[in-house]
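Got the viewer open? Let's take a walk through this one, a stop at a time.

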Amino acid sequence: MTFAQNISLRPYNTFGIDALARYFATFSDGAALSALLSKAPAGAKFVLGGGSNVLLTKDIDGLVLKNEVMGIETVAEDEDYAYVRVGAGEIWHRFVQHCINHDLGGVENLSLIPGCVGASPMQNIGAYGVEIKEVFQDLEAFHLSDGTIERFSLNDCAFGYRDSVFKNKYKGQFAILHVTFRLRKQPVYNVSYGAIEHELERMGARELSLRAVSDAVIRIRTAKLPDPKVIGNAGSFFKNPIVSSAVYERLHTEFPSLPAYPAAQEAYVGSGSDADLAPGAMKLSAGWLIEQCGWKGYRTGDAGVHERHALVLVNYGHARGQEIYDLSEEILRSVKAKFGVVMEREVNII
Ligand code: FAD
Ligand code: EPU
């Protein structure tokens, strides 16, 4: 078995960063991964999906394993739900479309999120009032050091806001192979995000349907977020910071137009890493904080802050990952200096 060597990862990350992988291989199931690992050179292993949530700040001196486990299959049904098992290498939006075509509800608000299904539980991806923890049933993951396959239930994953056990306790230890989702046969629409209702009206949608909600989300996203095929980016670079009610009150007094909303800890009680949120905690809009610091539309060399959305850092062409990282450091420092708020990166820094 041979491993491709010194492969440019530029086509494999949406930032379009030209870092090298010392070794590179793809796998399509657990057996193939096991066979690869038995022959793999010693050193670090890194599992890659669509590369839409990574910033490569250096070459990877190890083996990059591109997940290509495919398949979308309904494995069980009861009166209310269909349980759909999906290969981790499937494109997330293809899975969303599959659900819409089969009248299965739950992921329509998550339309057009880039990347693959395997990364969705890593990040507990979310948009427009929905996170995947709400439709998650379980997943199967391959332990990279001993080759065993473990099953993780909802509670095992400790989902939080863009967070899970795979970003913390088990960081870098597993390759997720399959994820099973629990989808509603009778959709319950979630259009509580004002922008969706507004968009549905603009579309002239007469009644709610999975496709109408999905189309509305697609239209909002397309208008707001840069297309990585046109300009390199990884979506929101930072998380929206969560602060205590006391900190929020102080900021709100000084900056009355600061956008903020309750951090919704009740959704997590007992099951996730956000369960510890203090009552009254507020989520602030990172995009607003960054814009107020004057960064929106800023450019240095080929690294920049998007002109329409200050939370999105961009690569105009040939920026190095380290240049984008350095810019993110400056942004963090300025937000801390102006507002006293410490933000966190959302993108995985490699
Ligand atoms: P990658 O970038 O390939 O990997 C991300 C991390 O997961 C890495 O640490 C990698 O090692 C790990 N990983 C990937 N696959 C596996 C696996 N099978 N097993 C184990 N570990 C794995 N995210 C949102 O939540 N909401 C949004 O609205 C949103 N909008 C976006 C908009 C744009 C324009 C872009 C570019 C990104 C956006 N994102 C959003 C971020 C991104 O799409 C998601 O985080 C997505 O789930 C990443 O999937 P991926 O396959 O590209 O992961
Ligand atoms: N805003 C500004 N200036 C900006 C951008 C935003 O002031 O340049 C303010 C506005 O007040 C706006 C508010 O921020 O109303 C919120 O902006 P937006 O609706 O775009 O949402 P967001 O909080 O920036 C989050 C997620 C997105 C997700 C959307 C929709 C995070 C880190 N980001 O963005 O997820 O798609 O909500 O639910 O939680 C991602 O994770 O990559 C991502 C794109």
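Before the first stop, a word on classes: Ala, Val, Leu, Ile, Met, Phe, Trp, Tyr, Cys and Pro count as nonpolar, Asp, Glu, Lys and Arg as charged, and the others, Gly among them, as polar. You're looking at a predicted model, where local features need pLDDT of at least 70 and side-chain atom pairs count only at pLDDT 80 or more, while totals for chains, interfaces and linings use all residues. Residues are numbered from 1 along each chain as its sequence is written, chains are lettered from A and ligands numbered from 1 in the order in which they are written, and side-chain values use heavy atoms, with hydrogens and water left out.

**Stop 1: ligand 2**

Select ligand 2 and the residues near it (those with a heavy atom within 4 Å of it). You should get 22 residues, the closest being Tyr 128, Tyr 161, Ser 285, Glu 291 and His 309. By class, that shell holds nine nonpolar, six polar and seven charged residues.

Now zoom in on the polar contacts, meaning pairs of N or O atoms within 3.5 Å (inside the protein, one must be able to donate a hydrogen and the other to accept it, and residues adjacent in sequence count only if both atoms are side-chain atoms). Glu 291 puts a polar side-chain atom 2.6 Å from a nitrogen of ligand 2. An N or O atom in the Ser 285 side chain sits 2.7 Å from a ligand oxygen, and at Ser 236 a polar backbone atom is 2.8 Å from an oxygen of the ligand. On its own ligand 2 exposes 830 Å², and the protein buries 79% of that (Shrake-Rupley areas, 1.4 Å probe).

Which elements give two or more residues to this shell? Colour α6 (210-224) and α8 (286-292); α8 gives the most, with three residues. Helices here are DSSP runs of H or I with at least four residues, strands are E runs of at least two, and both are numbered from the N terminus.

Pull back a little: domain 2 (72-184) and domain 3 (232-349) both give residues to the shell, so ligand 2 lies between them. Those bounds come from an automatic or database domain assignment.

**Stop 2: a small side trip to a sheet**

Show the open sheet of three strands, in the order β14-β16-β15 with antiparallel pairing. Two strands pair if DSSP finds at least two bridges between them. The edges are β14 (242-243) and β15 (260-262), each pairing on one side only. Look for Val 243 opposite Met 282 in β16.

**Stop 3: Gln 123**

Finally, pick Gln 123 in helix α3 (residues 120-123). Is this residue buried or exposed? At 4% relative accessibility, Gln 123 counts as buried (buried is under 20%, exposed over 50%, partly exposed in between, with a 1.4 Å probe and protein chains only). Its side chain makes a 3.0 Å polar contact with that of Asn 348.
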